[in-house]
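Me: I have some questions about this model. Please give the reasoning before each value or name.

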Amino acid sequence: MIEQIAVKKFQNGELLNFMIDEVKDARTLEATELKATLDTLDEVLAAFQVSLRKKKASVHTEQVTIYDRARDEKLRNLRQSIQGALYLPGKDKQEAAKRLTMLMRVYKNLHLMSYRNESEHMNKLIQELRERQYAADVQLLGIKQWVDEMEAANKEFDKYFDERDHEMGGRVIYDKKELRRQIGVQYELLLNLVHGLFYIKPSKQIELFIGRHNERVRKMRSLFAFRTTTGSRALRSKRAMLRELAVKLGWELPEGQEDYQYFSSSRILHPTEKQWYRLGKRNGEDTLVKYTPRKTKTNSVTSPVTEDAGTSPVTPTPPTPGGGSSDSSDGGAEGSIGGGL
């Protein structure tokens, strides 16, 4: 029998490596019936591998960042110069500073805009500052230098941003979810074909391939079962903290016991009290406190929630090796391909 395993259980890297081994092994059969499916899998796996590679930042990203900061700095210097001119001696300079202040208020949020919008609005500001209405005020206050430097920084920014945009636009974007779906479809087809060949054209090669395939599947199932048992890295870290606190409190936790026997989510079970404890505080220090589940509303007359609900916990049942846990999202997806095909 050919053992089946659901593609959705794999992490991306695991799926890629597992499928590469499967395809490579299936090609040793040299069966013409498998060639089209294996060729399609090779193409999909090649695209999937590219999609998993870490995207390198554009070579122009650093320049984009540098000149974005530079133009913001020049704009800030321009604002501060105009603000300071409000207090210069001479009514004409003060009036010029007031007019420019009113203009700058229109462009007060440039640094909060997107790159493209900031460039567009900064160009409009520079254009207005160079027009007859404000050019004389800029000249009178002696702030043309900041306008020129802001314009130069903005042009440099636009140049590098356009080059980065062009480079990034040329990259192929892959849909990992769709690629995983395609892998699943072709993989199922491959197993069905091998299953058919086993009965139509039986051979020692096919029998050995099925044995190697089933062994790979069993190894992955063991990994998935272990992962379900131990949980995420963050959860394992929290459980380690719970165990450490329990030992400090004098709990006699047997050595070498699997975590699932004494942990449920982020709670720990007292070995003799059969009471769940959780992480808490006492006198400002981390410790273990009794876990009391919240009461939930129910419309049931026969099964009301009582005050002592949950004080007699049931030890979590470990997942069955190779079969996944009871809350597995795969349901009946896993199994073996029987003779009903």
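**A pocket and its lining**

Me: How much space lies in the second largest pocket?

Reply: The second largest pocket has its volume given as space filled by probe spheres on grid points joined across faces, edges and corners. A pocket is an open set of points on a 1 Å grid over the protein atoms alone, where a 1.4 Å probe fits and protein lies on both sides within 12 Å along at least five of seven lines. On that basis the second largest pocket holds about 200 Å³.

Me: Which helix gives the most to the lining of the second largest pocket?

Reply: This is a predicted model, in which local features need pLDDT of at least 70 and side-chain atom pairs 80 or more, while totals for chains, interfaces and linings use all residues. Residues are numbered from 1 along each chain as its sequence is written, and side-chain values use heavy atoms, without hydrogens or water. The lining (residues with an atom within 4 Å of a point) has 12 residues, of which the closest to the centre are Ile5, Ala6, Val7, Gly184 and Glu188. The greatest contribution, 6 residues, comes from helix H8.

**The chain and its cores**

Me: What share of the residues in the protein chain is buried?

Reply: The chain has 10 helices and 6 strands, which are DSSP runs numbered from the N terminus (helices H or I of at least four residues, strands E of at least two). Buried means under 20% relative accessible area, exposed over 50%, and partly exposed in between, with a 1.4 Å probe and protein chains only. Of the 341 residues, the buried share is 34%.

Me: Which elements give two or more residues to the largest nonpolar core?

Reply: Nonpolar side chains in soluble globular proteins tend to be buried together. A nonpolar core is a set of buried Ala, Val, Leu, Ile, Met, Phe, Trp, Tyr and Cys residues joined through side-chain atoms within 4.5 Å. The largest one has 32 residues, and Phe18, Met19, Leu34, Leu190 and Val194 have the most contacts inside it. The elements that each give it two or more residues are helices H1 (12-27), H2 (32-52), H8 (176-200) and H9 (204-230).

Me: How many residues are in another core that lies apart from the largest one?

Reply: Met104, Ile126, Leu129 and Leu141 are among the members of this other core. Its size is 21 residues.

Me: Is alanine 26 buried or exposed?

Reply: Alanine 26 is in helix H1. Beyond residues up to four places away in sequence, alanine 26 touches Leu34, Leu38, Leu190 and Phe209 (contact means heavy atoms within 4.5 Å). Its C-alpha is 9.4 Å from that of isoleucine 210, although the two are 184 residues apart in sequence. Because its relative accessible area is 1%, alanine 26 is buried.

**Individual residues**

Me: Which residue has a side chain in polar contact with that of arginine 71?

Reply: Arginine 71 is in helix H3 (residues 61-85) and counts as buried because its relative accessibility is 0%. Leaving aside neighbours within four places in sequence, its contacts include Tyr115, Met150, Asn154 and Asp158. A polar contact is a pair of N or O atoms within 3.5 Å; within protein, one must be able to donate a hydrogen and the other to accept it, and residues adjacent in sequence count only if both atoms are side-chain atoms. At 3.3 Å, the partner of arginine 71 is glutamate 118.

Me: How far is the backbone oxygen of tyrosine 291 from a polar atom of the side chain of glutamine 275?

Reply: Glutamine 275 lies in the loop between strand E3 (267-269) and strand E4 (276-282). It counts as buried because its relative accessibility is 11%. The distance from the tyrosine 291 backbone oxygen to the glutamine 275 side-chain atom is 3.2 Å.

Me: What value is the phi of glutamate 30 near?

Reply: Most residues other than glycine have a negative phi. Glutamate 30 is in the loop between H1 and H2 and counts as exposed because its relative accessibility is 72%. Its phi is positive, near 50°.

Me: How far apart in space are the C-alpha atoms of lysine 93 and isoleucine 82?

Reply: Lysine 93 lies in helix H4 (residues 91-106) and is partly exposed, with a relative accessible area of 29%. Not counting residues up to four places away in sequence, lysine 93 touches Ala85, Leu88, Leu140 and Leu141. Lysine 93 and isoleucine 82 are 11 residues apart in sequence, and their C-alpha separation is 9.9 Å.
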